[in-house]
Amino acid sequence: MNTVPAIRAVLFDCDGTLVDSEPIWLATMCDAIAALPDGPAITLQFSDIEGQSMARSLAIVEERRGRPLPVDFEAQVRAEMARRFETDLREIPGATTLLEVLDGLRVPFCVASNGPREKIALVLRLTGLDRFVPPARIFSAADLGRYKPDPALFLHAAEALGVEPAACAVVEDSRAGIEAGLNAGMRVYAYLPHTPLRPDDAARGVQRLVHLAALGDQPWG
């Protein structure tokens, strides 16, 4: 007998999962670093800051440069990133199709991200995905002060949706997010269109998604 609960809710990460914001984020950060008038030149790869909060990303940059960043550096990066989002941001292929399927099935879903609430709302609006995700279904780790891989954000979102963690599916693209989902006792789907799962992820039940729309074929409760 199958004792695995059916999926009754879906918790989506945002950046790199629903919206293709990460290349813009990395390019903005690298350009801002290169424009600094002092300090050594550093190379920043996406793997260095993947799934990290802005505060942690800036700390990594400071560690590599060996000196503090200007006090207004974060504000400048966020402002420039928002400007680039206005012209360059796109949804991840298949995001609209998947959310339409879940909406039609009346499966509750939300966005649970390490990013600040204002940024989540902005990128959803710019891609038109906000029509599926009202403000009450946006959950930010910044509001809790606890960031992935801590499971607190996912557990909080599941409680708000009224669904037990074991019946929730998490859709993530980052290491921190995958670990948060596993730590929360949820079913984890890793959106990794270009890279395979790590062997230990597969052993722990993580399932790989090459296309977001493939999640719509799962059994729903």
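This text goes through the cysteines, the enclosed space and the open pocket of a predicted model.

A disulfide is a covalent bond between the sulfur atoms of two cysteines. In this structure, the number of disulfides is zero. Cys168 takes part in none, and the nearest cysteine sulfur, which belongs to Cys110, is 7.9 Å away. A disulfide requires the two sulfur atoms to be within 2.5 Å, so a distance of 7.9 Å does not qualify. Cys168 has 0% relative accessibility and therefore counts as buried, since the limit for that class is under 20%. Cys30 has 26% relative accessibility, so Cys30 counts as partly exposed.

Next comes the enclosed space. A search of the whole structure gives one cavity of 30 Å³ or more. The largest cavity holds about 310 Å³ of space. It is lined by 23 residues, and those closest to its centre are Asp15, Trp25, Gln52, Gly115 and Lys119. Three helices each give at least two residues to this lining: helix 1 (22–34), helix 2 (46–49) and helix 4 (73–88). By class, the lining of the largest cavity consists of nine charged, eight polar and six nonpolar residues.

The pocket can be described in the same terms. About 450 Å³ of space lies in the largest pocket. Its lining has 21 residues, of which Asp173, Tyr191, Leu192, Pro193 and Thr195 are the closest to the centre. Helix 1 supplies at least two residues of this lining, and so does helix 9 (175–183). The lining of the largest pocket divides into 10 nonpolar, seven charged and four polar residues. Helix 1 thus appears in the lining of the largest cavity and in that of the largest pocket.

Terms used. Residues are numbered from 1 along each chain as its sequence is written. This is a predicted model: local features need pLDDT of at least 70, side-chain atom pairs count only at pLDDT 80 or more; totals for chains, interfaces and linings use all residues. Side-chain values use heavy atoms; hydrogens and water are left out. Buried means under 20% relative accessible area, exposed over 50%, partly exposed in between (1.4 Å probe, protein chains only). On a 1 Å grid over the protein atoms alone, a cavity is a set of points where a 1.4 Å probe fits but cannot get out, and a pocket is an open set with protein on both sides within 12 Å along at least five of seven lines; lining residues have an atom within 4 Å of a point. Grid points are joined across faces, edges and corners, and a volume is the space filled by probe spheres set on the points. Helices (H or I, at least four residues) and strands (E, at least two) are DSSP runs, numbered from the N terminus. Ala, Val, Leu, Ile, Met, Phe, Trp, Tyr, Cys and Pro count as nonpolar, Asp, Glu, Lys and Arg as charged, and the others, Gly among them, as polar.
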